[in-house]
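Welcome! Please take a first look at the sequence and the structure shown here, and then read on for a short guided tour.

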Amino acid sequence: TGKGVTIGLIDCGIDFQHPAFKDSEGRSRIKCVYMMGENGGHKMTINDPETGTSTSPGSVYDTPELIATLTTDTELLSHGTHTTGIAAGTRSPQGYGGMAPESDLVLVGCGNYLYNTNIALGIKYIFDYADSQNKPAVCSISLGSHMGPHDGTGELASVYAQYAGSHSNHIIVNAAGNEAGNSYGTQYSGGESSS
């Protein structure tokens with residue numbers, strides 16, 4: 001059910017007030033939100049032993065009152081609502097719900113700010129929150145492309161290694177096939193093509 005686990009999602013088009021993100025009493029299961037490129041909440045401060053203290057772009061919403069003011073990170077998309085619902089949507093009275101309907105949600109709304117630096121900040125935000133609550137965490141990232149190396153040397157590979165590779169209670173799940181028709185196809189002996 002996901003009870004005792006933090007599920008974090010980095011995506012675009014999240015409806016923060018969707019019924020699938022509320023508990024049986026109508027309270028939001030979203031514990032905090034990081035909105036890239038937005039200034040309605042308060043700033044996230046990053047303490048890095050090597051570079052010192054800095055302030056990240058965007059805003060943090062980490063109280064029920066602040067989260068209640070949010071609508072969406074972008075009105076043009078709904079993909080983030082879809083992926084969050086699959087991962088952790090609350091069970092409906094009919095029994096439908098996500099994979100982890102009792103998990104705590106930490107959402108990172110990308111809006112129009114899909115840069116590797118921002119994705120790295122989102123990963124850090126999700127895992128730092130989970131660590132502060134002493135909970136294991138899954139970070140789902142339904143973004144990406146077929147561009148760049150796919151051998152562990154890409155820009156985000158070191159971030160993945162830092163936050164998931166060296167922590168037994170951190171898992172990062174990346175989407176595959178987000179490029180649809182631009183993915184590579186393979187011919188199988190039965191003559192069917194898969195991409």
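## A tour of the sheet and its surroundings

Y34 stands opposite V108 in strand 6. Strands and helices here are DSSP runs numbered from the N terminus, with at least two residues for a strand (E) and at least four for a helix (H or I). Before going further, please note that this is a predicted model, in which local features need pLDDT of at least 70 and side-chain atom pairs count only at pLDDT 80 or more, while totals for chains, interfaces and linings use all residues. Residues are numbered from 1 along each chain as its sequence is written, and side-chain values use heavy atoms, leaving out hydrogens and water.

Y34 belongs to strand 2, and strand 2 (residues 30–35) runs parallel to strand 6, with five bridges between them. Two strands count as paired if DSSP finds at least two bridges between them. Strand 6 is also joined to strand 1 (residues 6–11), again in parallel, by six bridges; there, I7 stands opposite L105.

How many of the residues of strand 6 are buried? Six of the six residues of strand 6 (residues 104–109) are buried, so this strand is largely enclosed by the rest of the structure. Buried means under 20% relative accessible area, exposed means over 50%, and partly exposed lies in between (1.4 Å probe, protein chains only). In a regular strand, side chains alternate between the two faces of the sheet. In strand 6, D104, V106 and V108 point one way, and L105, L107 and G109 point the other way.

Now for the whole sheet. This is an open sheet of six strands in the order 5-2-6-1-7-8, with mixed pairing. Strand 5 (59–61) and strand 8 (170–174) stand at the edges with a single partner strand each, so one side of each has no neighbour in the sheet. From one strand to the next, the twist averages 15°. Angles run from 0 to 180 degrees between N-to-C directions, with axes fitted to C-alpha atoms, for helices over the stretch in contact.

Strand 7 (residues 137–141) pairs with strand 8 in the parallel sense over five bridges, and S140 stands opposite V173 in strand 8. The table shows two helices and the angles they make with strands.

| Helix | Angle |
|---|---|
| Helix 3 (residues 116–132) | about 165° to strand 1 |
| Helix 4 (residues 157–165) | about 140° with strand 8 |

Helix 4 touches strand 7 and strand 8, where contact means heavy atoms within 4.5 Å. Another helix residue to look at is T84, in helix 2 (residues 79–88). T84 is buried, with a relative accessible area of 0%, and among the residues T84 touches are L9, F21 and L107.

Returning to Y34, its ring and that of Y125 have centres 5.6 Å apart and planes at 40°, so the pair is tilted. Rings of Phe, Tyr and Trp (its six-membered ring) pair if their centres lie within 6.5 Å; planes under 30 degrees apart count as stacked, over 60 as edge-to-face and the rest as tilted. Y34 and Y125, which lies in helix 3, are 91 residues apart, and both are buried.

Finally, a word on confidence: pLDDT is the predictor's confidence in each residue, from 0 to 100. The mean pLDDT of the protein is 83, and 87% of its residues reach 70 or more. Over residues 183–195 the pLDDT is below 50. Where pLDDT is low, the predicted coordinates should not be read in detail.

Technical notes: Lists of a residue's contacts leave out its neighbours within four places in sequence.
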